[in-house]
Amino acid sequence: AKLEESQKALANYAYQSQIKALELEASETHRKILSSLDLLQKAALSQKQVVSDLTASLASTRTKYRQARISLNEFIVEQDSLFRAQLDEIQTKLNVIYALYDYFKVFNKH
């Protein structure tokens, strides 16, 4: 009888330990995803500012090109910089979407 009780207690403690480990793992995953989302949001805001600045710069460069003050190559390089920044901004927004999708896949009941 005591052996059975000891075995049941052991099984119960092992079960409770597994539950606690899973709760801690879920909590850590939650924290990591939220931290990633925060960083991605900051990156997206920064990239938005870069795109805005490059758009203004390209307008100035376009004017200089039309006035023949800079070469076509310089104009193309400036335009290329803007397009790369826009692609980076889109990629970051896509990463935010993926992170949110992962979050809701794991934490769909909260």
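Buried means under 20% relative accessible area, exposed means over 50%, and partly exposed lies in between. Keep these cut-offs at hand for the exercises below, which all deal with a predicted model.

**Exercise 1. Is E89 buried or exposed, and which residues does E89 touch?**

Step 1. Begin with the place: E89 sits in helix α2.

Step 2. Next, take the accessibility. E89 has 11% relative accessibility, so this residue counts as buried.

Step 3. Now look for the neighbours. Leaving out residues up to four places away in sequence, E89 touches Q47, K48 and V51.

Step 4. Finally, place E89 among other residues of its helix. The buried residues of α2 are F75, E78, L82, A85, E89, T92, A99 and Y103, and the buried residues of this helix pack against α1.

**Exercise 2. Work out how helices α1 and α2 are arranged relative to each other.**

Step 1. Know what to look for. Two packed helices are described by the angle between their axes and the distance between the axes.

Step 2. Find those two values. Helix α1 covers residues 2-66 and helix α2 covers residues 72-106; their axes come within 8 Å and cross at roughly 160°.

Step 3. Interpret the angle. Angles over 145 degrees count as roughly antiparallel, and α1 and α2 are therefore roughly antiparallel to each other.

Step 4. Add the handedness: the crossing of α1 past α2 is left-handed.

Step 5. Sort the residues in the contact by class. Between α1 and α2, the contact has 19 nonpolar, ten polar and seven charged residues.

**Exercise 3. Compare the span of each helix with the span expected at 1.5 Å a residue.**

Step 1. Take α1. Its 65 residues should span 96 Å at 1.5 Å a residue.

Step 2. Check this against the model. The end C-alpha atoms of α1 are 94 Å apart, which agrees with the expected span.

Step 3. Repeat for α2. This helix has 35 residues and reaches 51 Å from its first C-alpha to its last, close to the expected 51 Å.

**Exercise 4. Which residues of α1 are buried, and what do L37 and T61 touch?**

Step 1. List the buried residues of α1: I33, L37, L40, A44, V51, L54, L58 and T61. What covers these residues includes α2.

Step 2. Think about spacing along a helix. An α-helix has 3.6 residues a turn, so residues three or four places apart point the same way.

Step 3. Take L37, which is found in helix α1. Its relative accessibility is 15%, so L37 counts as buried.

Step 4. Follow L37 across to its contacts. Not counting residues up to four places away in sequence, L37 touches V96, A99 and L100. From C-alpha to C-alpha, L37 and V96 are 6.4 Å apart in space, while they are 59 residues apart in sequence.

Step 5. Turn to T61, another residue of α1. With 10% relative accessibility, T61 counts as buried. Its contacts, again not counting residues up to four places away in sequence, are I70, E74, F75 and E78.

**Exercise 5. Classify T63 and V77 as buried, partly exposed or exposed, then find how far each is from a given partner.**

Step 1. Start with T63, which is found in helix α1. Its relative accessible area is 38%, so T63 is partly exposed.

Step 2. Now pair T63 with H30. These two are 33 residues apart along the chain, and 50 Å separates their C-alpha atoms.

Step 3. Move on to V77 in helix α2. At 54% relative accessibility, V77 counts as exposed.

Step 4. Pair V77 with A56. They are 21 residues apart in sequence, with 15 Å between their C-alpha atoms.

**Exercise 6. Where does A68 lie, and what is its phi angle?**

Step 1. Locate the residue: A68 lies in the loop between α1 and α2, just after α1.

Step 2. Read the backbone angle. A68 has a positive phi of about 60°, although it is not a glycine.

Step 3. Finish with accessibility. A68 has a relative accessible area of 65%, so this residue is exposed.

Terms used: Residues numbered from 1 in each chain as written. Predicted model: local features only at pLDDT ≥ 70, side-chain atom pairs only at ≥ 80, totals over all residues. Heavy atoms only, no water. Axes fitted to C-alpha atoms, helices over the stretch in contact; angles between N-to-C directions. Helix = DSSP H or I, 4+ residues; strand = E, 2+ residues; numbered from the N terminus. Parallel < 35°, antiparallel > 145°, perpendicular 65-115°, else oblique. Left-handed = near helix turned anticlockwise from the far one by under 90°. Nonpolar A, V, L, I, M, F, W, Y, C, P; charged D, E, K, R; others polar. Expected span 1.5 Å × (residues − 1). Buried < 20%, exposed > 50% of the residue type's maximum accessible area, 1.4 Å probe, protein only. Contact = heavy atoms within 4.5 Å.
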